[in-house]
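Biologist: I've got a model open and I'd like to talk through how its parts pack together. Can you take my questions one by one?

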Amino acid sequence: MKVSRSQIFVAIVCGLLGFLLAYQFKVLSGKNIEAKISNYDKNDIIAEIESLKKEKQELITTNSKISDELKQLEETAAKDGNMGTDIKNQLDNARMHLGVVDVKGPGIILTISPKSSIFGANSAEVNRDLGEDELVHIVNLLWYSGAEAISINDIRITPQTGIKIAGNSIAVGSTGRVYPKEKIAIKAIGEKGRLNVGVTFAGSLDYGVLPNYNNEVKSEDDIFIGKTTQSLKSDFIKLVKE
């Protein structure tokens with residue numbers, strides 16, 4: 001039987017089509033496998049994050065329980081005499097300054113928010129959002145003005161609280177985030193008059209891009225600042241015994 005050229009050509013084309021289809025199927029199968037692996041990885045990461053969140057909450061609950069038990073022991077010991085009462089008062093003051101207990105008292109609330117139309121005095125700063133420098137400046141200003149407790153968006157500031165840019169947000173310690181494009185409320189407990197003068201004195205809030213933000217200061221007689229959720233570390237510092 002004689003085979004014509006057209007039949008040979010058709011056979012070659014069919015062979016090529018078959019090869020291309022097989023190759024395409026292989027590529028698609030590989031992509032599907034990669035997609036499945038990627039989904040598995042994402043699911044594993046999400047599960048790990050949820051597990052860490054749960055573990056953190058359990059640690060916070062345990063820490064709170066231990067603190068309550070310690071307070072009860074101190075109160076019991078304080079009933080034995082004046083010496084115990086003095087020691088307990090010192091411990092209570094130390095806890096308040098370390099930020100490990102809730103506190104309340106008179107002070108101010110400084111609220112800053114982006115202006116709807118930003119035209120800064122310094123053209124180099126116009127396109128920059130609020131950053132770590134401005135928040136550190138405000139915190140230092142409040143400490144200098146006699147603040148005894150400070151929080152930023154209800155995140156307690158402690159001696160170990162760092163403030164650092166983190167992507168499109170600003171990390172406040174290891175437990176909180178604030179966002180420059182949103183309203184930020186800063187609470188400070190202390191002598192109201194002195195704190196008010198500290199933040200409203202001419203030039204006090206002209207630092208960095210703060211002129212590009214609206215600011216409002218309110219004096220309050222009873223401000224509540226919650227305790228920190230950040231664990232204070234003492235891995236390297238040691239007590240010097242006299």
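Biologist: Which residues of H4 do Leu 141, Leu 142 and Tyr 144 in H3 meet?

Modeller: Keep in mind that this is a predicted model. H3 covers residues 132–144, and H4 covers residues 192–200. The contact residues split into five nonpolar, one polar and one charged. On the H4 side, the ones being met are Arg 194, Leu 195, Gly 198 and Val 199.

Biologist: And how far apart are the axes of H3 and H4?

Modeller: The two helices pack at an angle of about 145°, and the crossing of H3 past H4 is right-handed. Their axes are 9 Å apart.

Biologist: Leu 142 turned up in that contact. Which residues does Leu 142 touch, leaving out those up to four places away in sequence?

Modeller: Leu 142 is among the residues with the most contacts inside the largest nonpolar core, along with Ile 152 and Ile 186. In general, nonpolar side chains of soluble globular proteins tend to be buried together. With neighbours up to four places away left out, Leu 142 touches Ile 108, Ala 147, Ile 150, Ile 186, Ala 188, Leu 195 and Val 199.

Biologist: Which element gives the largest share of this core?

Modeller: The core has 27 residues. Elements giving two or more residues to it are E1, H3, E2, E5, E7 and H4. The largest share is five residues, and it comes from H3.

Biologist: Now the open sheet: which strands stand at its edges?

Modeller: Five strands make up this sheet, in the order E3-E2-E7-E1-E8, with antiparallel pairing. H3 lies across E1, E2 and E7. Each edge strand has a single partner, so one side of it is left without a neighbour in the sheet. Those edge strands are E3 and E8.

Biologist: How many bridges join E1 to E8?

Modeller: E1 takes in residues 103–114 and runs antiparallel to E8. One position to look at is Ile 112, which stands opposite Asn 215 in E8. The number of bridges joining the two strands is 11.

Biologist: Over to E5, then. Which residue in the turn of the E5 and E6 hairpin has a positive phi?

Modeller: E5 pairs with E6 in the antiparallel sense over three bridges, and Ile 170 stands opposite Val 178 in E6. Ser 169 and Ala 171 point one way from E5, Ile 170 and Val 172 the other, and all are buried. The hairpin has three residues between its strands, and the one with a positive phi of about 70° is Gly 173.

Methods
Residues are numbered from 1 along each chain as its sequence is written. This is a predicted model: local features need pLDDT of at least 70, side-chain atom pairs count only at pLDDT 80 or more; totals for chains, interfaces and linings use all residues. Side-chain values use heavy atoms; hydrogens and water are left out. Two strands pair if DSSP finds at least two bridges between them. Helices (H or I, at least four residues) and strands (E, at least two) are DSSP runs, numbered from the N terminus. Contact means heavy atoms within 4.5 Å. Axes are lines fitted to C-alpha atoms, for helices over the stretch in contact, and angles run from 0 to 180 degrees between N-to-C directions. A crossing is left-handed if the near helix is turned anticlockwise from the far one by less than a right angle, and right-handed if clockwise. Ala, Val, Leu, Ile, Met, Phe, Trp, Tyr, Cys and Pro count as nonpolar, Asp, Glu, Lys and Arg as charged, and the others, Gly among them, as polar. A nonpolar core is a set of buried Ala, Val, Leu, Ile, Met, Phe, Trp, Tyr and Cys residues joined through side-chain atoms within 4.5 Å. Buried means under 20% relative accessible area, exposed over 50%, partly exposed in between (1.4 Å probe, protein chains only).
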